[in-house]
Amino acid sequence: MSLTPSTKPIERIQFFNGQRLFAGDLQDLEEFNRVMRWLHNQSLHQPGVASGYAVSGNKGDSEITVQPGYAIDGLGREIVLTQAKVIQVPPVANDGRGNAVYYDLVVSYPNDSDLTETETRDGVCVSRSAVRRREAPVFCWAELVPTSDPPGTSAAINADRKAKLGALNNDIEAGRRIRLARAEVLNCQLNQPLSIAERRNARPAQQPFIAAGNTKTLQNDWKATLSDIGITLTLAVDTSAAQFRTTPRYFANVAGDRSVKVTIDSKDVTVMIDGFVRLDAPAATGFTLSLLAPSILIDRSILNKLAQPLAEALKTKWYVVWMGVEG
């Protein structure tokens, strides 16, 4: 996909002696330089922290400190913090069941409306307006798993809250907001020291980027297909959480008990299922795993009746463990 603007042509701004300039001319010049810089960042860097943004917070703290830093978001925009900032830990007691609540501290590029005016001037025959705004990033806490809704909260408010959480998480996954740290909060304070393992470097690593995961906690909707040589079981595996930028080389295997009990004709039958694994349709966001179980491993008398019960049984029996290596 091209990163260059597709809706507006790029124009070089030129001046000549005696030219009458308007505010729009200077704004266009500033915008041209900014767009070119963002295009450079977006093309040659990945969303993440380039330098600084050290965070400090220990168990029992109700505030954390973020040091000055420089980061780049998914649109190539620079997120700059010039002075240390103290941020309050989310004032949350627990998740409603006495357990800690997990949050990601994220930072994002500010819109003009988010910035403080530092200088205004009167215009010629026009009202006073801002000519300088102080650049300051926007911080917020992103809840990882939504806690239960407060008692008595209306359905409309609950739906609005969940929609905002969903939009926030989408911004994080797209790189429009940058993770700085993860916090475990209990009784309105940190239950553990801040973790920075989740933050990502804006400088692409010299070594391959490696990520791994599994589908154990997901809905494993296996599909079963009969053929002359056996049963083929397939599962679509989502790897978008790894945020691969290109299609990696995947390695995967099926985990789970190979001895599976299914019900056929009102009778419980135990079959041994195993076979040969193949990965199809690899992409940056996932792949399809296929496992061929040859008919020699399955009693021919029950083979034709086995496909559907087997696919249902494997939803809770099997899951896929995968690793992706992006060069």
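Partly exposed describes a residue whose relative accessible area falls between the buried limit of under 20% and the exposed limit of over 50%. Keep that in hand for these exercises on a predicted model.

**Exercise 1.** Classify Asp274 as buried, partly exposed or exposed, and find its salt-bridge partner.

*Solution.* Start with accessibility: the relative accessible area of Asp274 is 31%, so this residue is partly exposed. Next, look for the partner: Asp274 pairs with Arg258 in a salt bridge, at 3.6 Å from N to O. Finally, place both residues. Asp274 sits in the loop between strand E18 (267-272) and strand E19 (276-283), and Arg258 in the loop between strand E16 (249-255) and strand E17 (259-264), so their contact ties together parts 16 residues apart in sequence.

**Exercise 2.** Work out which parts of the chain are tied together by the salt bridge of Asp104 with Arg179.

*Solution.* Begin with the distance: the closest N and O atoms of Asp104 and Arg179 are 2.8 Å apart. Now locate the two ends. Because Asp104 belongs to strand E7 (residues 101-108) and Arg179 to strand E11 (residues 177-186), the pair links parts that are 75 residues apart in sequence. As a last step, check burial: Asp104 and Arg179 are both buried.

**Exercise 3.** Which residues are joined with Arg179 into one network by salt bridges that share partners?

*Solution.* One step from Arg179 leads to Glu173, with closest N and O atoms 3.4 Å apart. Glu173 is partly exposed, at 37% relative accessibility. Following the shared partners gives the full set: Asp104, Glu173, Arg179, Arg182 and Glu198. For context, the model's salt bridges number 15.

How values were computed: Residues are numbered from 1 along each chain as its sequence is written. This is a predicted model: local features need pLDDT of at least 70, side-chain atom pairs count only at pLDDT 80 or more; totals for chains, interfaces and linings use all residues. Side-chain values use heavy atoms; hydrogens and water are left out. A salt bridge is a side-chain nitrogen of Lys or Arg within 4 Å of a carboxyl oxygen of Asp or Glu. Helices (H or I, at least four residues) and strands (E, at least two) are DSSP runs, numbered from the N terminus. Buried means under 20% relative accessible area, exposed over 50%, partly exposed in between (1.4 Å probe, protein chains only).
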